[in-house]
Amino acid sequence: MTEPEPSYLAAVRESYDTVAAAYAKLVKSPAQLDPLSRAMLAAFAEAVRTADRGPVADLGCGPGHVTAYLADLGVPAFGVDLSPKMIELARQAYPSLRFTVGSMTAPAIRDNELGGILAYYSTHHTPPELLPVVFAAFHRTLAPGGHLMLAGHVGDGERLRPTRAYGGHPVSYESHLLPADRIAELLDRAGLAVTARLTEEPDEGATRTIATFLARKPERP
Ligand SMILES: C[S@@+](CC[C@H](N)C(=O)[O-])C[C@H]1O[C@@H](n2cnc3c(N)ncnc32)[C@H](O)[C@@H]1O
């Protein structure tokens, strides 16, 4: 029997459907990202290529530009997003790649199928009490020896409720900015061993701290 969908997902889906076109125009392409972000993506891509355990799922891929960047780095990658509109844009922009609608809370991916998971600025809408569900899904779908890269804004646990985003479009989602230590602890509890963590302090271009984690599903439980 399929589990009922967590209720917060409707607001996230509807909001990203509303902002999808504006988001795709506004968001930086990976080539325009700061050197540290590009270095972490390159390190992740190299780890996945070297381990050679399967494809990478870009979970919460949005318009697919980071999925395509990984593919350009020689990684077999596909994208999954909650928002059908985002998936439509991703398919239009990168017709040779696979993009599907789905949720990282219950991804339609087989156990141990993936060599890697990228969660790039896509887990912060998950209420903290449901992050263990998402991280359990990451653990289930990663092959032993597979790699995870998770990046996003972190904070003191504050809950943001913006009413407008990306060019002033109405949104009804919430964002949860957890401390980096809490995210690391939850990954560890899910059986994903954190191997590296980069924290970037806000500068004139960014108002919030960013944390990027690299983690690995151990070869043996
Ligand atoms: C800020 S955007 C980031 C998109 C892309 N990763 C990027 O870096 O530009 C967040 C994305 O995560 C997706 N998302 C949020 N929660 C999700 C979930 N439970 N499952 C799949 N996608 C989700 C949203 O639909 C949205 O496209």
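**Briefing: the ligand shell and the fold around it**

Let's start at the ligand: 21 residues surround it, and Y16, G60, G62, L82 and S122 come nearest. A residue counts as near when its C-beta atom, placed from the backbone, lies within 6 Å. This is a predicted model, where local features need pLDDT of at least 70, side-chain atom pairs count only at pLDDT 80 or more, and totals for chains, interfaces and linings use all residues. Residues are numbered from 1 along each chain as its sequence is written.

**Around the ligand**
- Helix α1 gives the most to the shell, with three residues.
- Both α1 and β2 (77–81) supply at least two shell residues each.
- By class, the shell has 13 nonpolar, seven polar and one charged residues.

**How α1 meets α4**
- Helix α1 (residues 8–26) packs on helix α4 (residues 84–93) at an angle of about 30°, with the axes 7 Å apart.
- That makes the two helices roughly parallel (angles under 35 degrees count as such).
- From α1, the contact uses Y16, D17, A20, A21 and A24, and from α4 it uses P84, K85, M86 and L89 (contact means C-beta atoms, placed from the backbone, within 7 Å).
- This contact has seven nonpolar, no polar and two charged residues.

**The whole chain**
- The protein chain has six helices and 11 strands (DSSP runs of at least four residues for helices and at least two for strands).
- Its C-alpha trace spans about 45 × 45 × 40 Å along the principal axes.
- Of the 221 residues, 39% count as buried (20 or more other C-beta atoms within 10 Å of their own).

Definitions and conventions:
Axes fitted to C-alpha atoms, helices over the stretch in contact; angles between N-to-C directions. Parallel < 35°, antiparallel > 145°, perpendicular 65-115°, else oblique. Contact = placed C-beta atoms within 7 Å. Nonpolar A, V, L, I, M, F, W, Y, C, P; charged D, E, K, R; others polar. Buried ≥ 20, exposed ≤ 12 C-beta atoms within 10 Å, placed from the backbone.
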